[in-house]
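User: I would like to learn how to read a single-chain model. Please take one feature at a time, with the general idea and then the case at hand.

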Amino acid sequence: MPSVSKTAANASPQTEKPTHYTYLKEFRTEQCPLFLQHKCTQHRPFTCFHWHFLNQRRRRPIRRRDGTFNYSPDVYCTKYDETTGICPDGEDCPYLHRTTGDTERKYHLRYYKTGTCIHETDARGHCVKNGLHCAFAHGPHDLRPPVYDIRLSIMPLVTTLFSRYHAFNKHVSRLVKPVS
Ligand SMILES: [Zn+2]
Ligand SMILES: [Zn+2]
Ligand SMILES: [Zn+2]
C-alpha cells in the first residue's frame with residue numbers, strides 16, 4: 001500500500017504528476033522556435049504549446065521558500081497591456097497578467113486542474129471544447145489539489161487564534177474581577 005500521509009495542503013510542485021508539472025512549469029513560457037522560422041503549424045487557430053506573440057506569453061508560477069507566490073492567482077495587474085503583452089513592472093510584477101486565454105490564471109498553481117471540466121472528453125482523452133491543453137480535469141485521475149499562498153492559507157488560523165485569545169481574556173477578567 002502506498003503511503004497516504006501527505007495531505008492536499010502539503011502538496012508542492014515537486015509532487016505534481018509529470019504531465020501537470022510540465023504544464024505548470026512550461027506552458028506558454030517560451031517562444032516557439034518554429035514560429036520564428038515561420039514553420040509552426042499550430043498558429044491559426046492558435047493551439048501551440050509555446051507562445052508566438054508576447055501577449056500569449058505566460059510567466060511560470062512559483063511558490064517561494066517563504067510560501068508566497070511570485071504573482072497573485074486572483075488580483076489582476078492594472079498596468080499590463082493586453083495588446084502588446086508588456087507590463088512596466090516586468091517579469092517580477094506581483095499581479096496577474098491577462099494574457100491571451102487568461103493562461104496566467106488558468107495554469108496557476110492555485111487553479112490548474114483543481115476543478116472538473118464541464119465539457120466532454122474525446123476518444124483521445126482530450127477536451128472537445130478546449131482541446132489538448134484544457135486547464136480543467138477530465139476525470140478524477142486528472143484532478144490535482146490547489147497550492148495556496150501561505151499568506152492566504154494562514155489567515156483563518158490567525159483569526160481563530162485571535163478570537164480565542166479574546167475569549168480567554170474575557171474569561172480571565174471575569175474570574176479576577178471582584179464581585180461588586
Ligand atoms: Zn508554435
Ligand atoms: Zn504587471
Ligand atoms: Zn476540458
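Analyst: Start with burial. A residue is buried if 20 or more other C-beta atoms lie within 10 Å of its own. Arg-28 has 24 such neighbours inside 10 Å and therefore counts as buried. The model is a predicted one.

User: Where does Arg-28 lie, and what is its phi?

Analyst: Arg-28 sits in the loop between H1 and H2. Its phi is positive, about 60 degrees, although Arg-28 is not a glycine.

User: Which other residue that is not a glycine has a positive phi?

Analyst: Lys-113 has a positive phi of about 55 degrees and is not a glycine. Lys-113 is in the loop between H3 and helix H4, the latter spanning residues 150-153. Lys-113 counts as buried because 24 C-beta neighbours fall inside 10 Å.

User: How do I read the other end of the burial scale, for example at Thr-19: is it buried or exposed?

Analyst: The exposed class takes residues with 12 or fewer such neighbours. Thr-19 has 10 C-beta neighbours inside 10 Å, so Thr-19 counts as exposed. Thr-19 belongs to helix H1, residues 18-26.

User: How is Lys-25 classed, and which helix is Lys-25 in?

Analyst: Lys-25 is also placed in helix H1. Counts between the two cut-offs are called partly exposed. Lys-25 has 14 other C-beta atoms within 10 Å, so Lys-25 is partly exposed. For the protein chain as a whole, 16% of the 180 residues count as buried.

User: What should I compare to see how distant parts of the sequence come together?

Analyst: Set separation along the chain beside separation in space. Thr-19 and Asp-142 are 123 residues apart along the chain, and their C-alpha atoms are separated by 9.7 Å. Lys-25 and Tyr-107 are 82 residues apart in sequence, with 9.1 Å from C-alpha to C-alpha. For the chain overall, take the contacts between residues at least 6 apart in sequence: 48% of them join residues at least 24 apart.

User: How many helices and strands does the protein chain have?

Analyst: The protein chain has five helices and zero strands. Read from the N terminus, the order of elements is α-α-α-α-α.

User: Which residues does the UniProt annotation "zinc finger region: C3H1-type" cover?

Analyst: An annotation comes from a record, and the coordinates can be read beside it. In the unreviewed UniProt entry, "zinc finger region: C3H1-type" covers residues 71-100 and 111-141. The annotation "domain: C3H1-type", from an unreviewed entry, covers residues 71-100 and 111-141. In the model, residues 71-100 are 0% helix and 0% strand, with end C-alpha atoms 17 Å apart. Residues 111-141 are 0% helix and 0% strand, with 16 Å between the end C-alpha atoms.

User: Where is there a cis peptide bond?

Analyst: Omega is the angle to inspect. The bond joining Arg-44 and Pro-45 is cis, with omega about -5 degrees. Pro-45 lies in the loop that runs between helix H2 (33-36) and helix H3 (103-106).

User: What is the mean pLDDT of the protein chain, and where is the pLDDT below 50?

Analyst: The protein chain has a mean pLDDT of 88, and 85% of its residues reach 70 or more. Over residues 1-11 the pLDDT is below 50, and this stretch has five contacts in the model beyond near neighbours in sequence. Predicted coordinates should not be read in detail where pLDDT is low.

Conventions: Residues are numbered from 1 along each chain as its sequence is written. Chains are lettered from A and ligands numbered from 1 in the order in which they are written. This is a predicted model: local features need pLDDT of at least 70, side-chain atom pairs count only at pLDDT 80 or more; totals for chains, interfaces and linings use all residues. Helices (H or I, at least four residues) and strands (E, at least two) are DSSP runs, numbered from the N terminus. UniProt positions are given in the numbering used here, feature names are shortened, and annotations may be inferred rather than shown by experiment. Two residues are in contact if their C-beta atoms, placed from the backbone, lie within 7 Å. pLDDT is the predictor's confidence in each residue, from 0 to 100.
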